[in-house]
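Trainee: I'm new to this one. Could you show me how to read a few of its features?

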Amino acid sequence: MTNGEQAITGQDVDWDAAAATFDDEPDHGLRDPQARGAWASRLRSWLPEHACDVLDIGCGTGSLSLLAAEQGHRVTGVDRSPAMVDLARAKLAGRDAVFLVGDAAAPPVGEERFDVVLVRHVLWALPDPGRALRHWRGLLRPGGRFVLVEGVWGTGTDGIAADRLTELLAPLAGRLRVERLSDDERLSGKAVDDERYAIVATT
């Protein structure tokens with residue numbers, strides 16, 4: 001992920017401090033109708049057609065949570081930043097959604113299980129992505145799916161490559177497909193030349 005031209009990592013960012021301006025990025029706030037429509041269309045193709053329970057890990061201000069809720073899904077969002085969670089709660093007020101403050105690697109959802117684990121731009125910031133994926137696998141119901149949106153940003157030192165994430169997912173999923181996102185400028189609000197992708201993996 002980049003902030004202008006400067007590469008940042010998850011450990012470098014004060015996410016509470018970043019919350020107030022987080023949605024200013026086109027692919028964060030999805031305020032532009034074209035960006036919002038592009039993400040809504042992708043999400044519709046990644047999530048089940050029927051209403052289901054979605055766990056949005058690292059939900060930030062809840063932009064993808066809102067799209068999922070608008071498509072009829074029940075959403076539980078988790079983020080370690082109380083400020084982000086407050087914004088997500090306000091954004092989805094009145095929707096079938098719950099937001100919790102907690103660790104993305106071990107979401108505080110107790111015995112609850114989900115049909116979908118939705119994660120965008122989180123795995124790159126975790127110290128042990130494989131361990132997180134194994135834990136999240138245990139939060140899925142039988143036949144559930146991962147929807148993972150990741151990339152490699154800037155100079156290539158930040159992010160997680162599709163090949164690496166596919167390798168980590170292989171023991172956990174029965175079917176897996178990679179969808180390249182780099183060529184769709186609507187998703188980021190600008191042209192990008194780095195690797196951006198989504199992986200949909202069914203357990």
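Trainee: Why is C59 in no disulfide with C52?

Mentor: A disulfide is a covalent bond joining the sulfur atoms of two cysteines. Here the cut-off is a pair of cysteine sulfur atoms within 2.5 Å. The closest cysteine sulfur to that of C59 sits in C52, 16 Å away, so a bond is out of reach. The structure holds zero disulfides. Bear in mind that this is a predicted model, where local features need pLDDT of at least 70, side-chain atom pairs count only at pLDDT 80 or more, and totals for chains, interfaces and linings use all residues. Residues are numbered from 1 along each chain as its sequence is written, and side-chain values use heavy atoms, leaving out hydrogens and water.

Trainee: Are C52 and C59 buried or exposed?

Mentor: Buried means under 20% relative accessible area, exposed over 50%, and partly exposed in between (1.4 Å probe, protein chains only). C52 is buried at 0%, and C59 also counts as buried at 8%.

Trainee: Which residues does V122 touch?

Mentor: Contact means heavy atoms within 4.5 Å. Leaving aside residues up to four places away in sequence, V122 touches I57, G58, A104 and E150. The C-alpha atoms of V122 and E150 are 7.5 Å apart, although 28 residues separate them along the chain. V122 is buried too, with a relative accessible area of 9%.

Trainee: Which residues of α3 are buried?

Mentor: An α-helix has 3.6 residues a turn, so residues three or four places apart point the same way. In α3, the buried ones are A35, A38, W39, A40, R42, L43 and W46.

Key. Helix = DSSP H or I, 4+ residues; strand = E, 2+ residues; numbered from the N terminus.
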